[in-house]
Amino acid sequence: MNLLEMKHIQKEFNGQQVLKDLSFSVKEGEVLSIIGPSGSGKSTLLRCACMLEKIDGGEILYLGEQVSFRENGRDRGKGKKNKKEWSSMFGLVFQNFNLFPHYTVLKNIVDAPISVQKREKDEVYQEAKELLVQMGLSEKEHAYPYQLSGGQKQRVAIARALAMKPKILFFDEPTSALDPELTAEVLKVIQTLAEKNITMVIVTHEMEFAKKISDRIIFMEKGLIEVEGTPQQVFTAEHLRMKKFLKGYAK
């Protein structure tokens with residue numbers, strides 16, 4: 001079964017259409033990378049999938065159940081209660097970390113599972129410490145975000161998302177704010193998650209990484225999916241705009 005289905009998604013800002021009748025799905029255990037030039041709608045698509053942005057048309061389903069449905073500009077989905085209920089399905093890792101600056105590393109990770117999911121505090125703290133070990137940050141649990149490098153902040157952000165036990169993880173250009181050395185350490189963490197069959201959708205400009213880690217890749221241009229397939233199919237496709245886009249990443 002598909003974990004996520006987005007059907008005929010439309011989104012506009014100030015009268016400009018950013019997503020145009022766009023459809024795709026994600027299966028359990030699959031890694032889907034989304035590539036394309038800046039302004040093609042990649043991040044907006046993720047924000048719609050996470051219901052941080054309201055779609056203007058189309059349908060979003062998680063595990064086959066409709067979460068959002070808009071037709072002719074009117075919301076015909078199941079309302080805010082349903083969206084809140086399904087929000088625990090996914091986690092989102094932002095490009096700029098979005099950590100709470102006044103919380104320690106450990107507090108950043110445990111806050112939502114305890115306050116939002118109402119889970120047992122001792123269990124959450126134990127799992128959070130295990131996640132920090134997994135991220136190579138066990139010695140940083142009492143540090144504050146300002147005391148961390150960019151790569152460490154992003155690893156904390158990944159741990160925070162995992163602490164919610166989501167069925168699918170979204171990454172919005174997780175290395176765009178990092179230098180090459182720190183990029184490598186974050187990509188290594190994401191690759192480890194892929195090896196554990198964690199379902200992920202990754203917006204990225206790291207072409208070699210996308211080629212290596214992905215089961216499928218989508219190339220977006222001007223709010224449309226222009227090319228979709230396996231890494232081999234996408235990177236060898238005879239699509240002029242995509243070939244021009246990829247030329248700058250040729251190794």
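Here are four short exercises, with worked solutions, on a predicted model.

**Exercise 1. An aromatic pair**

Task: Find out how the rings of Phe90 and Phe170 are arranged, and which parts of the chain their pair ties together.

Solution:
- Start with the general idea: a pair of aromatic rings is described by the distance of the centres and the angle of the planes.
- For Phe90 and Phe170, the centres are 6.1 Å apart and the planes make an angle of 70°.
- Planes over 60 degrees apart count as edge-to-face, so the Phe90–Phe170 pair is edge-to-face.
- Now place the two residues: Phe90 belongs to strand S7 (residues 90–93) and Phe170 to strand S8 (residues 168–172), so their pair ties together parts that are 80 residues apart in sequence.
- Look around the pair as well: Tyr62 joins Phe90 and Phe170 in one aromatic cluster. The structure holds four aromatic pairs.

**Exercise 2. Buried or exposed?**

Task: Decide whether Phe90 and Phe170 are buried or exposed.

Solution:
- The cut-off for buried is a relative accessible area under 20%.
- Phe90 has a value of 11%, so Phe90 is buried.
- Phe170 has a value of 0%, so Phe170 is buried.

**Exercise 3. Two nonpolar cores**

Task: Work out which helix gives the most residues to the largest nonpolar core, and what Ile109 touches.

Solution:
- Begin with the general tendency: in soluble globular proteins, nonpolar side chains tend to be buried together.
- The largest core here has 37 residues, and Ile109, Ile158, Phe171, Ile190 and Met200 have the most contacts inside it.
- Several elements each supply at least two residues of this core, among them helix H3 (105–115), helix H6 (180–195) and strand S9 (199–203).
- The helix that gives the most is H6, with seven residues.
- Next, take Ile109 and set aside its neighbours within four places in sequence: Ile109 is then in contact with Ala128, Leu132, Val156, Ala159, Arg160 and Ala163.
- A second, separate core has 30 residues, including Leu22, Tyr62, Leu92 and Ile218.

**Exercise 4. Positive phi and charges over rings**

Task: Locate Met51 and Lys165, give their phi values, and then find where Lys107 and Lys211 lie.

Solution:
- Keep the usual case in mind: most residues other than glycine have a negative phi.
- Met51 is not a glycine, yet its phi is positive, at about 60°. Met51 is in the loop between helix H1 (42–49) and strand S4 (57–62).
- Lys165 also has a positive phi, near 55°, and is in the loop between helix H5 (150–162) and S8.
- Turning to the rings, the charged end of Lys107 sits over the ring of Tyr103, 5.2 Å from its centre.
- Lys211 lies over the face of Phe235, 4.8 Å from the ring centre.

How values were computed. Residues numbered from 1 in each chain as written. Heavy atoms only, no water. Phe/Tyr/Trp six-rings, centres within 6.5 Å; stacked < 30°, edge-to-face > 60°. Helix = DSSP H or I, 4+ residues; strand = E, 2+ residues; numbered from the N terminus. Buried < 20%, exposed > 50% of the residue type's maximum accessible area, 1.4 Å probe, protein only. Lys NZ or Arg CZ within 6 Å of the ring centre and 35° of its normal. Core = buried A, V, L, I, M, F, W, Y, C linked by side-chain atoms within 4.5 Å. Contact = heavy atoms within 4.5 Å.
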